[in-house]
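I opened my notebook to look up strand pairing and unusual backbone spots. The entries follow.

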Amino acid sequence: MKERHQTGLPVTRDTDPALPRDATRRRFLRTGLAMGGLAVAATGAPALGQMDHRGHAGHSMDQDMHHGQEDAHAGHGAGGEVNARTLKAMMGHERLEDIPLRGPADAVARLPYAERDGAKEFDLTAEPVRWAYAGDHTILAWGYNGQVPGPEIRVTEGDKVRIRFTNHLPVPTSLHWHGLHVPFGMDGVPGVTQKPVMPGETFVYEFDAVPAGTRFYHTHGSHHGDESVQMDMGLSGAFIVEPRTDRPAFDRELTLLLGEWQLGSGGMNQVVATGGHEHEIGGDHATGGYNLFTLNGRSYPDVPSLKVREGERVRIRMINAGSMSIHPMHIHGHSFEVVAIDGNPVPEAARQMRDVVTLAPGERFDVEFTADNPGIWLLHCHELHHAAMGMIMLIEYEGFEARLEDGAGDAPAPDAGGHDAHHGH
Ligand SMILES: [Cu+2]
């Protein structure tokens, strides 16, 4: 069932010639290097809630660099050594610029698989990245296959699934299949069902994909007590099991992972800055220390819009992959029908029409709505601190044009350029 061995698989995405290498990525690299080199020194004085460093508050890159340089001067001395060690311990590199820079251009929606020995075989790695959550703005993260969240795994109910998981993090970790009824030894809980997967090791998970529904995969830490730390670094992804029969009818679907982060200045992640000792982070009362909230790893207005056509039936699979926050997700202009809770279908007679559904950590809600009200509508968290810190996206009807007399003049124009134009004034 399982095997364990050291591996030298060339799995970093740098080596994959199929990946897009476009201008956006080069821009990430250029600006990310500038930010990254400065953020190391900034860790000496983690500044929780310094939203002005996010860039979302309208700072130009030059301003960010200027601030970073000030931090760099302040950080000279003994602190710098400690920070480099902390960075090495958490991210595997002493210098930020050596950590792979990743963004949407590098990401794939779904994880490809190979049919082998009657199973669908997937390769998954955990690895440190600097993740671009909005424009050029990055946060230190741990991603699966270099992306945050990890790529969606999608199979059919009853499929035999084999996941070759390789740990390229500098720390031990594990992989848990949330909502799936896997055999005991495959549940991915260190100290209970397996030993943690050590840095450089590969562990093969194998199970039958049951039951159907919206599930997800995530780290279960390296031992009891650090699962939240590892989750807060971004280690989660969707695992969708499509029913083999009685497939529900809808025209369009979107999987939406809700994420939360503790962003420090200059792209630092406070979890990294404290060397994984999250309890040392102060935090503000409104958000429990989290100050960046993402949908599929992106923060508004950089979350891609959901494009719909009038008349379509649309399903949204929402997954709260955070470790602490509760998200009341609200849709404008429509109500949605709750068709599945935690992936399990709700019988038709029991379905509720809602315009807010609230997801605690680990919960999933599948909702459907009929696109019968052309416009550009918000889907956002109604914990409004979360919305203000990124957890908003747009649902856009194809062919709908907002006119000034409709009041659209003040609205953010979707896909009309970078985030700097919309924020911070
Ligand atoms: Cu929220």
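Entry one: the source. I am working from a predicted model.

Entry two: the open sheet. I asked in what order its five strands run. I read β14-β23-β22-β16-β20, with mixed pairing. Next I looked for the edge strands. They are β14, residues 306-308, and β20, residues 356-359. Each of these pairs on one side only. I also noted the twist, which averages 20° from one strand to the next.

Entry three: a pair inside that sheet. I looked up β22, residues 376-381, and β23, residues 392-397. They pair in the antiparallel sense, and five bridges link them. I picked out Trp 377, which stands opposite Ile 395 in β23.

Entry four: the partners of β17. I started with β18, residues 344-345. Two bridges join β18 to β17, and the two run antiparallel. Here Ile 341 has Asn 344 in β18 as its bridge partner. β17 and β18 form a hairpin with two residues between the strands. In that hairpin, Asp 342 takes a positive phi near 55°.

Then I turned to β19, residues 353-354. It pairs with β17, residues 336-341, in the antiparallel sense over two bridges. Phe 336 stands opposite Arg 354 in β19. Last came β21, residues 364-370, joined to β17 by four bridges. This pair also runs antiparallel. I found Val 338 opposite Val 367 in β21.

Entry five: the loop between β5 and β6. Before searching, I reminded myself that most residues other than glycine have a negative phi, and most peptide bonds are trans. Which bond is cis here, and what is its omega? The bond joining Val 148 and Pro 149 is cis, with omega about -5°. Pro 149 lies in the loop between β5, residues 137-144, and β6, residues 150-156. Asn 145 is found in the loop between β5 and β6 too. Its phi is positive, about 50°, although Asn 145 is not a glycine. Is Asn 145 buried or exposed? It is buried, because 24 other C-beta atoms lie within 10 Å, and the cut-off for buried is 20 or more.

Entry six: the loop between β13 and β14. I found a cis peptide bond joining Tyr 300 and Pro 301, with omega about 5°. Pro 301 has its place in the loop between β13, residues 292-295, and β14. Asn 296 is found in the loop between β13 and β14 as well. Phi of Asn 296 is positive, near 50°, and the residue is other than glycine. Asn 296 counts as buried, because it has 22 C-beta neighbours inside 10 Å.

Terms used
Residues numbered from 1 in each chain as written. Predicted model: local features only at pLDDT ≥ 70, side-chain atom pairs only at ≥ 80, totals over all residues. Pairing = 2+ DSSP bridges. Axes fitted to C-alpha atoms, helices over the stretch in contact; angles between N-to-C directions. Buried ≥ 20, exposed ≤ 12 C-beta atoms within 10 Å, placed from the backbone.
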